[in-house]
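Hi,

Here is the structure I said I would pass on. Have a look at it first, and then read my notes below.

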Amino acid sequence: MKYFFWLILIITCAFRLKAQEKTYFQQEVNYRIQVRLDDRKHTLHGSLEVDYINHSPDELPFIWFHLWPNAYRDQTTAFAQQQRLSGSTEFYFAKDNQLGYVDSLQFSADDSPCRLEYDPDHPDIARVWLPQPLPPGAQVTIRTPFFVKIPDSFSRLGHVGESYQITQWYPKPAVYDREGWHPMPYLDRGEFYSELGSFDVAITLPANYIVGATGTLQTESEMAFLKQKAEETNAYLAQLPTALNEGFIAEPFPDSDQEYKTIRYTAEKVHDFAWFADKRFKVLHDTIELTNDQVDAWSFFTRTEEQLWRKSIDYLRRSVIFYSSLIGDYPYSQVSAVQSALSAGGGMEYPMITVIDLAGSDRSLDEVITHEVGHNWFYGILASNERDHPWMDEGVNSFYEQRYMHEYYPPKRPQIIPAWLADDSLIDADELLYQLQARQGLDQAPDTPSEQFSELNYWLSAYDKPARGLWWLFHWLGPELFDKAMQTYYSEWQFRHPQPADMQRSLEKVTGRDLNWFFQGFIRATQQADYAIKELRKEGDKWLLTVENRGNLPGPVPVWLLRDGDVLPYEQWIDGFTGQQTVELPSEDFDQVALDAGHFTLDVNRKNNQIKTNGLFRKLGPFRMAIPAKMENEKYTSLYWMPLPGWNVYDGLQAGLLLHNRTLPFRQLEFDLLPLYGFRSGSLNGIGNIDYHFYPKQGLLQAVELGVNYRQFHFERQSQGVYDLRYQRWQPWLGLHLRTAKGSTFRHQLGYRMIYLETERPNIGREDGFIGVGTDFSTIHEWHYAGENRRKLNPFHYRLALEQQSYDDVFERAQQYLKWSVEWKSKLAYAENKEVSARLFAGGFFSNTRRNGGAIFPGAFSLIDQAAMDYRYDDFYFGRSEREGLWSQQIGQRDGGFKVPLNPAFNLGKSNNFLLAVNLKVDLPFGNGWPIRPYLDLGYFDNAMPTGADDTFSDQFLWSGGLALEILDGRLGIYFPCINSKNLQDRLLEQGGYGKRIGFRVDLYGEKIRNMWPY
């Protein structure tokens, strides 16, 4: 009886689960639009009719509508916010007459008025409340007039003069599917999700405009007009030189005709309608023969790059045939490519038409046209949700675009990797980008909503990583089985809204393989493949290979055999696994085994992927020394070198040899050693660093870094050459990077460093004078918390620090201090590409045994950062102990940050107690990228010495202003003071003429590339 009870319970639960599953349905929308272009005021006057058919099982009291022209209304929209985050200031500083919007809306449903309710957070989304709820299976006709102010070209909808890009322009119902409503604000980085249906669009505009649009042109007179333009264009191109026009051609707009024309387009089974109008367009036309149909191909372009566009019809034909043969026939009557303004990337797709920006070469134009035409399949016909699952169109389409380029063009390494750096590594630019992100735990899963991606990860995870994943499947499954699976997916889901799970089911059904590792681990997560060869041994006549999965992605991996460095015609795929697995290899004549030597997978560490059959260090590649550095190459064990000179006043000219292992992608353990021989001092000096980086997979910490830094140089030379003084500096350090949301531009960290200093000093006897060199020892401890937001518009950085030092003074009395400091740096945009740089610094002592001493002691603050105040030996100075002359005028950028050098003999601006400073720099309002910036420094120091007992506020308040000539973000700079506070000006007059007031900054050491890597 109890077994019967459990059977009933199981059956009941199964029925309940089945009932809870949401049955697939798809809404239908059919549009009738009439619109008139006013090219004097750059506006559209339109009327919209939408037949909305409710195929859902739900009663709908309202329908969400997208009013995307309102994205350009003001700075509160999601588009405006995204523009600011991405660093684009063009829209941020746009004038009112450059903005856009949609208004004059009066919605009705079956001739009964509707209430329009705007989303409180997004003015480009609104609810249209129906007079009565729409039952399942019912239809309603929604009507409204609308008026669009066309914005300047900031993204996709816009105009440049009288060239119009009319996209995302009409009121449009949001998608309602089994997951509910999908209202979404317009975004520049992040595309769309729309209902399929039909369009009947009539466009009225001056008669001499040439229009390219979605749909089939129904106006015979306009067709004759376009074909006449095509004949004229063919004749024009026949006499055109083949050399490419140089850059953009400012082609004037002809006057608009006083006579207007109305042209009509219709389209079926599409989810959007776009059109482009320009009086300057040249036109090309031909037909494409497919298996069972004929397609019209059109291209529209201006004089800019017209030589490239003479081949545009060939590119359209070839791409349509290519995609049709691999996936399924192109189902529409025409395909068009338009060269026009586009401020949202190199190309943008719409049903049957794509808009293309400047390309630069035949190959690039072909590639962009092919990619955008391919979106007719992956976005148009397979109408996935691009906002939530951008990889389903961009990633899949990028795979087919790459197949096309491999078919018709020779392999080409992207020029962003210089040849000297690329070497013969098989890691291309895209794999390099992936490894740089993945090794640091900064990559994001492809199945991430587009608005949550960082700018870098949007390209990597939405486009490239899923494309490379499909190549992985392609090589594992084989072309025939892969293509059959994708064709099945296409035939099952064409003109529908597939989700990732739908794609997975289609592919698994055809291939018979479990693809959970791909869809759940690779697409929906950031699991990593890291297969390593653990052992290769021979047992009798058999070779046994043991492979270990050190990652967490159990994807398949191929085994390759090599002889004398050449790959043998053998390839064995091992199905994905966790842990270890041993496989038997054939008895071939080979001397090396490699995992994935063809880079078919996305292995995150290829240095452990090979082993030799004999010899010492079988897992290491041949040792080589290379100059100056190369990309990581699994074939070699590399040490990089580069001759480097050095110079300072005391060691003179120094000859050095930099030895390091730093490369791209970044390594876990990195080192560099720079020994330098000083010809003046006759001694060996130098710098050394070793860093170790660890990236926890989860928890509070994003990264842990450990390192040691060493320096040794001379810092003082007695004028008669009696003695040279040397310093040695050891700095062990620890950095704890706190985890933040992926895609965020904010990072913060905790850090600790200990500075151990040995500085030589002369011992002077009362009667004998110099009697030798002694050594002072000091140990400084510093703890800090730092954060920064690397957003491109108005970035900021802050740092809070505690520092402690115990030391013996010259009388061998114990002294100590504990000091605090706060630094804030930011850049505020005041116009397009113009910024004000601001820095605030405050510091004081919690305790200081020499707070009220009669001199300035170690650890003191200073408004002017010069060598004499660099008691930690943090920076490099050409003349660290110089008190006059050019080398005494080198300044740094710590503490008060003043830029005018002051003789260290003056105590003005120095404090054993407290200091506050503000530093300002501003870009000139005219010119572009000029390195000259006005600056102003203001600061207050508390003079706690007995000599400052009667000092007033004005005695302790300094300011200085002038002109800064800076390059490399201020790492190299010359500073010309023009105005100073009286107390500072008096001291400057005492030290001499104007030339002695000019400061310069040289930051030779700079910042590590790893720390400069964008989020």
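To start with something to look up: at the start of H10, which backbone nitrogen does a side-chain oxygen of Asp-428 reach? That would be the backbone nitrogen of Asp-430, which the oxygen approaches to within 3.2 Å. Keep in mind throughout that this is a predicted model.

**Around H10**

While you have that helix on screen, look at its surroundings. H10 is largely enclosed by the rest of the structure, because 10 of its 11 residues are buried. Among them are Ala-429, Glu-431, Arg-439 and the pair Leu-432 and Leu-433, so there are charged side chains in the list as well as nonpolar ones. The buried residues of H10 pack against H11. Just after the helix, Gly-441 takes a positive phi of about 70°.

On the other side of the start of H10, Ile-427 sits in the loop that links helix H9 (419-422) to helix H10 (429-439). Ile-427 counts as buried because its relative accessibility is 1%, under the 20% cut-off. What is its separation from Asn-633, in sequence and in space? The two are 206 residues apart along the chain, yet their C-alpha atoms are 7.7 Å apart.

**H11 and H12**

Next, follow H11 on to H12. Helix H11 covers residues 455-477 and helix H12 covers residues 479-493. Their axes are 6 Å apart and the packing angle is about 125°. That value makes H11 oblique to H12, because it falls between the perpendicular range, which ends at 115 degrees, and the roughly antiparallel one, which starts over 145. From H11, the residues Leu-470, Leu-473, Phe-474 and Leu-477 take part, and they meet Pro-479, Leu-481 and Phe-482 of H12. Sorted by class, this contact has seven nonpolar residues, with no polar and no charged ones.

**E24 and its partners**

Now for a strand that is covered on both faces. In E24 (residues 353-356), Ile-353 and Val-355 are buried on one side, and Thr-354 and Ile-356 are buried on the other. As background, side chains in a regular strand alternate between the two faces of the sheet.

E24 has a parallel partner in strand E22 (residues 334-339), joined to it by four bridges. Ser-336 has Ile-353 as its bridge partner there. Strand E23 (residues 347-350) also pairs with E24 over four bridges, but in the antiparallel sense, and Met-348 stands opposite Val-355. The hairpin of E23 and E24 has two residues between the strands, and Met-352 takes a positive phi near 75° in it.

**An open sheet**

Which order do the strands take in the four-stranded open sheet? The order is E7-E8-E3-E12, with antiparallel pairing. Strands E7 (115-118) and E12 (172-173) are at the edges with a single partner strand each, so each has one side left without a neighbour in the sheet. Further in, E3 (residues 60-66) and E8 (residues 125-134) are paired over six bridges, and Phe-62 has Trp-129 in E8 as its bridge partner.

**Asn-549**

Asn-549 is in strand E26 (residues 542-549). Is Asn-549 buried or exposed? Its relative accessibility is 8%, so it counts as buried. A polar atom of its side chain lies 2.9 Å from the backbone nitrogen of Gly-551. Leaving aside neighbours within four places in sequence, Asn-549 is in contact with residues including Asp-530, Tyr-531, Pro-554 and Phe-577.

**Backbone oddments**

Finally, some backbone details that you may want to check by eye:

- The peptide bond from Ile-627 to Pro-628 is cis, with omega near -15°; Pro-628 is in the loop between strands E32 (623-626) and E33 (637-648).
- The bond from Leu-664 to Pro-665 is cis too, with omega near 0°, and Pro-665 is in the loop between strands E34 (652-660) and E35 (669-678).
- His-42 has a positive phi near 55° in the loop between strands E1 (28-38) and E2 (43-53), and counts as buried at 19% relative accessibility.
- Asp-110 has a positive phi near 50° in the loop between strands E5 (108-109) and E6 (112-113), and counts as partly exposed at 44%.

Cheers

Terms used: Residues are numbered from 1 along each chain as its sequence is written. This is a predicted model: local features need pLDDT of at least 70, side-chain atom pairs count only at pLDDT 80 or more; totals for chains, interfaces and linings use all residues. Side-chain values use heavy atoms; hydrogens and water are left out. Buried means under 20% relative accessible area, exposed over 50%, partly exposed in between (1.4 Å probe, protein chains only). A polar contact is a pair of N or O atoms within 3.5 Å; within protein, one must be able to donate a hydrogen and the other to accept it, and residues adjacent in sequence count only if both atoms are side-chain atoms. Contact means heavy atoms within 4.5 Å. Axes are lines fitted to C-alpha atoms, for helices over the stretch in contact, and angles run from 0 to 180 degrees between N-to-C directions. Angles under 35 degrees count as roughly parallel, over 145 as roughly antiparallel, 65 to 115 as roughly perpendicular and the rest as oblique. Two strands pair if DSSP finds at least two bridges between them.
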